[in-house]
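Morning, everyone. Please take a look at the structure on the screen. I'll keep this short.

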Protein chains: 2
Amino acid sequence: MKNLYSQVCEDILGQIRAGELRVGERLPPEAEYAATLGISRSTLRMAFAELEEAGVLKRRKRAGTEIISDRPQRRFSMATSGVAELLSLGRDTEFSITSTRQVPTEEIPQLAGLSSETGHWLEVSGSRRMQGESRAFSVNRVYVPARFAAIEPVLHEGRRSVFQTIEETFDVRIGRVAQSVRAVACPAEDAKVIGLEPGAPALRIEAQLYLSDERLMEVSVATFHPERFQVHNDVKIK
Amino acid sequence: MKNLYSQVCEDILGQIRAGELRVGERLPPEAEYAATLGISRSTLRMAFAELEEAGVLKRRKRAGTEIISDRPQRRFSMATSGVAELLSLGRDTEFSITSTRQVPTEEIPQLAGLSSETGHWLEVSGSRRMQGESRAFSVNRVYVPARFAAIEPVLHEGRRSVFQTIEETFDVRIGRVAQSVRAVACPAEDAKVIGLEPGAPALRIEAQLYLSDERLMEVSVATFHPERFQVHNDVKIK
DNA sequence: GCCCATAATTAGTCCGTACTTTAAAATTAT
DNA sequence: ATAATTTTAAAGTACGGACTAATTATGGGC
């Protein structure tokens with residue numbers, strides 16, 4: 001290995017793989033560890049930074065350096081400039097709500113097993129269109145747990161996304177997004193809205209948005225017009 | 001602002017927004033710049049690291065620090081552990097080649113305007129299946145520029161992805177992936193292979209793989225069975 | 001036993017210096 | 001001109017020291 005700190009990374013990774021260090025354990029304090037390794041604290045910190053980046057370590061003031069995974073991850077960074085972009089909603093689109101209602105968990109397959117929240121969710125139905133255009137390119141259904149149901153009146157005030165409204169109203173931040181993309185035959189009810197034949201190919205995106213403490217923030221199910229919308233990712237590899 | 005280096009970040013960003021610094025320009029050398037700002041080089045380097053992370057700066061030894069964007073990007077990291085995962089090809093799938101041939105640029109719409117490479121590309125046609133299963137879940141066509149066409153004999157030796165073969169054979173690394181996902185009506189020729197009715201909804205993924213120097217490495221067009229394949233992203237937000 | 005103030009600990013920030021590596025630029029040779 | 005070589009400027013690596021801030025742990029009061 002060329003650099004000292006990369007070498008230190010490898011060593012720590014090796015010890016984890018060999019079982020000498022285990023997930024959940026804490027490493028010694030920086031100063032102490034650097035001394036025993038015979039390197040400077042700054043060099044150790046560079047190694048730690050790399051391992052933290054790779055998802056192996058987690059560092060917190062006073063709490064120390066914890067091993068949280070034995071599998072370093074090659075890092076990809078998405079070339080997007082906000083969560084809205086990540087969710088593939090351009091800046092120049094607007095969301096209009098057609099209806100809201102309370103639904104019990106059992107009625108919506110996408111909610112099954114996701115949360116032990118109280119039985120009812122706020123369902124927000126709507127569609128999204130390019131600014132200025134008249135026809136929508138997607139039909140959206142967003143499910144909000146009871147905890148955030150109070151946003152309902154606020155939603156009607158603007159054309160913002162549901163997640164943005166929640167972020168602002170409750171002063172919380174998205175921490176993670178799990179998203180799946182499939183091709184489906186467009187349901188008849190949605191086909192009318194986006195101008196498709198029933199049964200024609202359409203793109204279905206289901207997303208779960210979580211807060212940084214892993215609590216569920218919203219579940220969203222959207223059906224997109226296949227010619228007027230596509231998911232585009234641009235991913236740099238470290 | 002709390003930290004000196006975050007403050008420096010803000011300052012630089014502010015100057016970019018104000019037009020005092022422009023995209024394409026280079027910042028002064030670290031030592032010099034730190035001196036004029038009246039801070040230590042390490043502190044400046046922390047600020048630079050943050051701005052590089054955000055996609056605003058690009059640093060290269062001896063070449064200096066260049067401003068490459070005026071829009072800092074909120075950071076997303078994908079929870080994948082390799083490019084294969086990123087391209088949504090699980091570890092436990094295998095690729096089999098059905099045919100290869102030389103094609104001119106004009107015949108393939110996905111190649112239009114992508115590269116000024118010489119007129120011919122190596123087209124590798126194949127399908128991908130889960131390990132052990134008999135029916136494929138995707139039909140793939142991969143286009144390799146003439147520069148890498150020599151991999152053709154190597155391809156038939158194993159069941160590895162084309163990009164992996166290129167990486168190994170030429171000792172190069174992927175630097176960026178641009179990917180788009182759409183819903184399409186499955187073409188008749190592909191429908192047979194993955195067991196779909198012609199015209200049924202299918203997922204189409206088109207990807208361009210670039211090397212770190214931005215030269216094109218491969219273009220791939222794949223059609224997926226909608227029930228047996230979906231794109232899944234799990235994205236942490238900083 | 002529980003709550004609150006205090007102390008101790010640990011990662012984070014900041015400084016300054018010295019040396020190394022890379023690659024752009026300049027120079028020389030073909 | 002073009003190719004090979006040398007120079008050199010810039011980021012990268014590494015060291016060590018000092019101070020800061022956050023948070024866990026401790027101890028005292030009720």
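Which atom of DNA strand C is 3.1 Å from an N or O atom in the side chain of S40(B)? A phosphate oxygen. That is a polar contact (a pair of N or O atoms within 3.5 Å).

Some ground rules. This is a predicted model, where local features need pLDDT of at least 70 and side-chain atom pairs count only at pLDDT 80 or more, while totals for chains, interfaces and linings use all residues. Residues are numbered from 1 along each chain as its sequence is written, chains are lettered from A and ligands numbered from 1 in written order, and side-chain values use heavy atoms, without hydrogens and water.

Back to the DNA. T43(B) also meets a phosphate oxygen of strand C, with a polar side-chain atom at 2.3 Å. On chain A, the side chain of R62(A) puts an N or O atom 2.9 Å from a sugar or linking oxygen.

Now the wider surface. There are 23 residues around strand C; near means a heavy atom within 4 Å. R41(A), L4(B), Y5(B), T43(B) and R60(B) come nearest. Twelve of the surface residues are charged, six polar and five nonpolar. Here Asp, Glu, Lys and Arg count as charged; Ala, Val, Leu, Ile, Met, Phe, Trp, Tyr, Cys and Pro as nonpolar; the others, Gly among them, as polar. α3(B) gives the largest share, three residues. Helices are DSSP runs (H or I, at least four residues) and strands likewise (E, at least two), numbered from the N terminus.

And the DNA side? Of its atoms within 4 Å of the protein, 70% belong to sugar or phosphate.

Definitions and conventions:
Polar contact = N/O pair within 3.5 Å; in protein donor to acceptor, adjacent residues only side chain to side chain.
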